[in-house]
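Take a moment to look over the sequence and the fold before reading on. We will walk through the structure from the inside out, one part at a time.

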Amino acid sequence: MKKIASFTIDHIKLLPGLYVSRKDYAGSEVITTFDIRMTKPNGEPVMNTAEMHTIEHLAATYLRNHPEYASRTIYFGPMGCRTGFYLLLAGDYESKDIVPLMTEMFTFIRDFRGDVPGASAKDCGNYLDMNLPMANYLADKYLREVLTDITEERLIYPE
C-alpha cells in the first residue's frame, strides 16, 4: 500500500508548530487540513486524553461560533498520536493565514473557566474524561512557545 501523506513527514525533525498538512477538493471547494502540533513528536511526553478532550470541546465550540470561520470549519479533533490536533477549513489557506485565528482560539482556551461546553452525560460519550486546568496550561504553553512570534520553521514542514 502507498504511504499516506502524514506518514511521509519526518517526525524526528518536526517541531511544535502550525502546518498545512494537506489540501483536498470537495467538488470545486478546497479543504485545507492543518496540523496543530503541540508537542515534539517522540521528544517530549504526549498529551493525556483528558486535556486533549477538553481542548477539543473548547476549540470546536470556539471555532463553530467564530463570526468569520464558523461556516468554514469542517472539523477539529485530536491526532491519534496525542501530539496535536487537526483542523479542516473550507478554503485554500497557508499556515500563516490562520495564526491570528489560532492565537484567539488558544487564548480563549487558556483563559476559559467554568463548565466545559458539552461536558455532560447527555452531550458527550465520555464526559468525565476532562481536565480543564491542564487544557489551560497547554494552551498557554502553545501560545508562548509557538504562536507568539512564530517563525517559518514552525509554519512549514521540515524537509
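**From a loop to the core**

Start with Arg82, which sits in the loop between strand 3 and strand 4. Keep in mind that this is a predicted model. The phi angle of Arg82 is near 65°, a positive value in a residue other than glycine. Most residues other than glycine have a negative phi. Arg82 counts as partly exposed, because its relative accessibility is 31%.

A second loop residue invites the same look. Asn42 is placed in the loop between strand 2 and helix 1. Its phi is near 60°, again positive in a residue other than glycine. Is Asn42 buried or exposed? Asn42 has 74% relative accessibility, so it counts as exposed.

Now go inside. The largest nonpolar core holds 38 residues. Those with the most contacts inside it are Leu18, Ile36, Ile98, Met102 and Phe106. Several elements supply at least two residues each: strand 1 (17-26), strand 2 (29-37), helix 1 (49-64), strand 4 (84-90), helix 2 (99-111) and helix 3 (132-147). Which helix gives the most to this core? Helix 3 does, with eight residues. There is a general pattern behind such a core. In soluble globular proteins, nonpolar side chains tend to be buried together.

Look at Leu18 in detail. Set aside its neighbours within four places in sequence. Leu18 is then in contact with Phe34, Asp35 and Ile36, among others. Its contacts also include Ser95, Ile98, Val99 and Met102. Further along the chain, Tyr142, Leu147, Ile150, Arg154 and Leu155 are in contact with Leu18 too.

Next comes helix 2. Its 13 residues should span 18 Å at 1.5 Å a residue, and its end C-alpha atoms are 18 Å apart, so the two values agree. The buried residues of helix 2 are Val99, Leu101, Met102, Met105, Phe106 and Ile109. They cover an arc of only 155° around the axis, which means they lie on the same side of helix 2. The general rule helps here. An α-helix has 3.6 residues a turn, so residues three or four places apart point the same way. What do the buried residues of helix 2 pack against? They pack against strand 1, strand 2, helix 1, strand 3 (73-78), strand 4 and helix 3.

Helix 1 has 16 residues. From first C-alpha to last it reaches 22 Å, close to the 22 Å expected at 1.5 Å a residue. Its buried residues are Ala50, Glu51, Met52, His53, Thr54, Ile55, His57, Leu58, Ala59, Tyr62 and Leu63. Strand 3, strand 4, helix 2 and helix 3 are among the elements that cover them.

How do helix 1 and helix 3 meet? Their axes come within 8 Å and cross at roughly 75°. Helix 1 is therefore roughly perpendicular to helix 3. On the helix 1 side, Glu51, Thr54, Ile55 and Leu58 take part, and they meet Leu132, Met134, Ala135 and Leu138 in helix 3.

Pick out Ile55 from helix 1. With 0% relative accessibility, Ile55 counts as buried. Not counting residues up to four places away in sequence, Ile55 touches Met38, Ala60, Phe76, Phe85, Ile109, Ala135 and Leu138. Its C-alpha atom is separated by 14 Å from that of Cys124, with their positions 69 residues apart along the chain.

Finish with the strands. Thr33 is in strand 2, and Ser21 is in strand 1. Thr33 counts as buried, because its relative accessibility is 7%. Ser21 counts as buried as well, at 18%; the cut-off is under 20%. The two residues are in contact with each other. Beyond neighbours within four places in sequence, Thr33 also contacts Tyr19, Val20, Arg22, Asp24, Tyr86, Leu87 and Leu88. For Ser21, the other such contacts are Phe34, Asp35, Tyr86 and Tyr157.

Glu29 also lies in strand 2. Glu29 is partly exposed, with a relative accessible area of 39%. Leaving out residues up to four places away in sequence, Glu29 touches Asp24, Ala90 and Gly91. How far is Glu29 from Arg110 in space? They are 33 Å apart, C-alpha to C-alpha, and 81 residues apart in sequence.

Terms used:
Residues numbered from 1 in each chain as written. Predicted model: local features only at pLDDT ≥ 70, side-chain atom pairs only at ≥ 80, totals over all residues. Heavy atoms only, no water. Core = buried A, V, L, I, M, F, W, Y, C linked by side-chain atoms within 4.5 Å. Buried < 20%, exposed > 50% of the residue type's maximum accessible area, 1.4 Å probe, protein only. Helix = DSSP H or I, 4+ residues; strand = E, 2+ residues; numbered from the N terminus. Contact = heavy atoms within 4.5 Å. Expected span 1.5 Å × (residues − 1). Arc of directions from axis to C-beta. Axes fitted to C-alpha atoms, helices over the stretch in contact; angles between N-to-C directions. Parallel < 35°, antiparallel > 145°, perpendicular 65-115°, else oblique.
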